[in-house]
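Subject: Structure handover

Hi,

Here is the structure I said I would pass on. Have a look at it in your viewer first, then read my notes underneath.

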Amino acid sequence: MNSFIVGDPKRCIGCKACVVACGEVHRREGERSFLPRIALVSTAEVTIPIHCRQCENAPCVAACPEGALCFRDGRVVGDPSRCMGCKQCVLACRFGAIALSENEASAPLKCDLCFNCSESPVCVAVCPAQALALVRSEALHDDLFHRQKRALNALI
């Protein structure tokens, strides 16, 4: 299982601090472009951040005919040099977590868990409402083990 970020719509206040921080962290040196890898979806009742779920059998990776998305260190990451802008990854993502940059060099924009950044994804670190959390793969494995153990003990 891969690590991923989850958002709690009950806690999100819609301040967009996560979006701004993500865009700044992923700004390329010397460029003015603002290309965050997170989006907020808002309704009258709720706001929720949309992140890549880092699927193990990621449909976006399978859908890309040029290999512009791949697995690296337990994350789905994009390679802008290989993207031809076909949007197959956008259509394949069931979470709506991928967009394409609109500049001349099309590239898949999706959460990479701050692959080249700090220990913790910047969006999680800056959220004033603690509406975002990084779910680590190790914790998921431990949780699965304990649930399976409880289920087995219940059968005995």
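Below is what came out of going through the model, grouped by topic.

**Overall picture**

First, a reminder that this is a predicted model, so please read everything with that in mind. The chain has 156 residues, and 37% of them are buried. Its C-alpha atoms fit a box of roughly 60 × 35 × 30 Å along the principal axes. For secondary structure, there are five helices and eight strands. Going along the sequence, they come in the order β-α-β-β-α-β-β-α-β-β-α-β-α.

**The nonpolar core**

As general background, nonpolar side chains tend to be buried together in soluble globular proteins. Here the largest nonpolar core has 30 residues. Which of them touch the most other members? Those are Ile5, Cys18, Ile38, Cys60, Leu69, Cys123 and Leu132. Three elements give two or more residues to this core: α1 (17–25), α2 (59–63) and α4 (122–126). Of these, α1 gives the most, with three residues.

Cys18 is a good place to start if you want to look around in there. Cys18 lies in helix α1, and its relative accessibility is 8%, under the 20% cut-off, so it counts as buried. How far apart are the C-alpha atoms of Cys18 and Cys123? They are separated by 4.3 Å, although the two positions lie 105 residues apart along the chain count.

**The second largest pocket**

Since you may want to put a probe in it, here is the pocket I looked at. The second largest pocket holds about 200 Å³ of space. Its lining is made up of Ser3, Asp73, Gly74, Arg75, Leu113, Glu119, Pro121, Leu134, Arg136, Ser137 and Glu138. By type, the lining divides into five charged, three polar and three nonpolar residues.

Leu113 is one of those lining residues, and its backbone deserves a look too. Leu113 sits in the loop between β7 (108–109) and α4. Is Leu113 buried or exposed? With 6% relative accessibility, Leu113 counts as buried. Its phi is near 55°, a positive value in a residue other than glycine. For context, most residues other than glycine have a negative phi.

**Another positive phi, and the loop around it**

Lys87 also has a positive phi, about 70°, and is not a glycine. You will find Lys87 in the loop between β5 and α3. Its relative accessible area is 47%, so Lys87 is partly exposed.

Asp79 is in the loop between β5 (75–78) and α3 (88–92). Asp79 is partly exposed too, because its relative accessible area is 24%. Measuring tools in your viewer should give you this one quickly: from Asp79 to Leu155 the C-alpha distance is 48 Å, with the two 76 residues apart in sequence.

**Gly14**

Gly14 is found in the loop between β1 (4–7) and α1. Its relative accessibility is 29%, so Gly14 counts as partly exposed. The C-alpha atoms of Gly14 and Val41 are 8.9 Å apart, and the two residues are 27 apart along the chain.

**Rings**

How many aromatic pairs does the structure hold? Zero. There is a charge over a ring, though: the charged end of Arg53 sits over the ring of Phe95, 5.3 Å from the ring centre.

That is what I have for now. Shout if anything looks odd when you load the model.

Cheers

Methods
Residues numbered from 1 in each chain as written. Predicted model: local features only at pLDDT ≥ 70, side-chain atom pairs only at ≥ 80, totals over all residues. Heavy atoms only, no water. 1 Å grid on protein atoms, 1.4 Å probe; cavity = no way out; pocket = protein on both sides within 12 Å on 5 of 7 lines; lining within 4 Å. Points joined across faces, edges and corners; volume = space filled by probe spheres on them. Nonpolar A, V, L, I, M, F, W, Y, C, P; charged D, E, K, R; others polar. Phe/Tyr/Trp six-rings, centres within 6.5 Å; stacked < 30°, edge-to-face > 60°. Lys NZ or Arg CZ within 6 Å of the ring centre and 35° of its normal. Core = buried A, V, L, I, M, F, W, Y, C linked by side-chain atoms within 4.5 Å. Buried < 20%, exposed > 50% of the residue type's maximum accessible area, 1.4 Å probe, protein only. Helix = DSSP H or I, 4+ residues; strand = E, 2+ residues; numbered from the N terminus.
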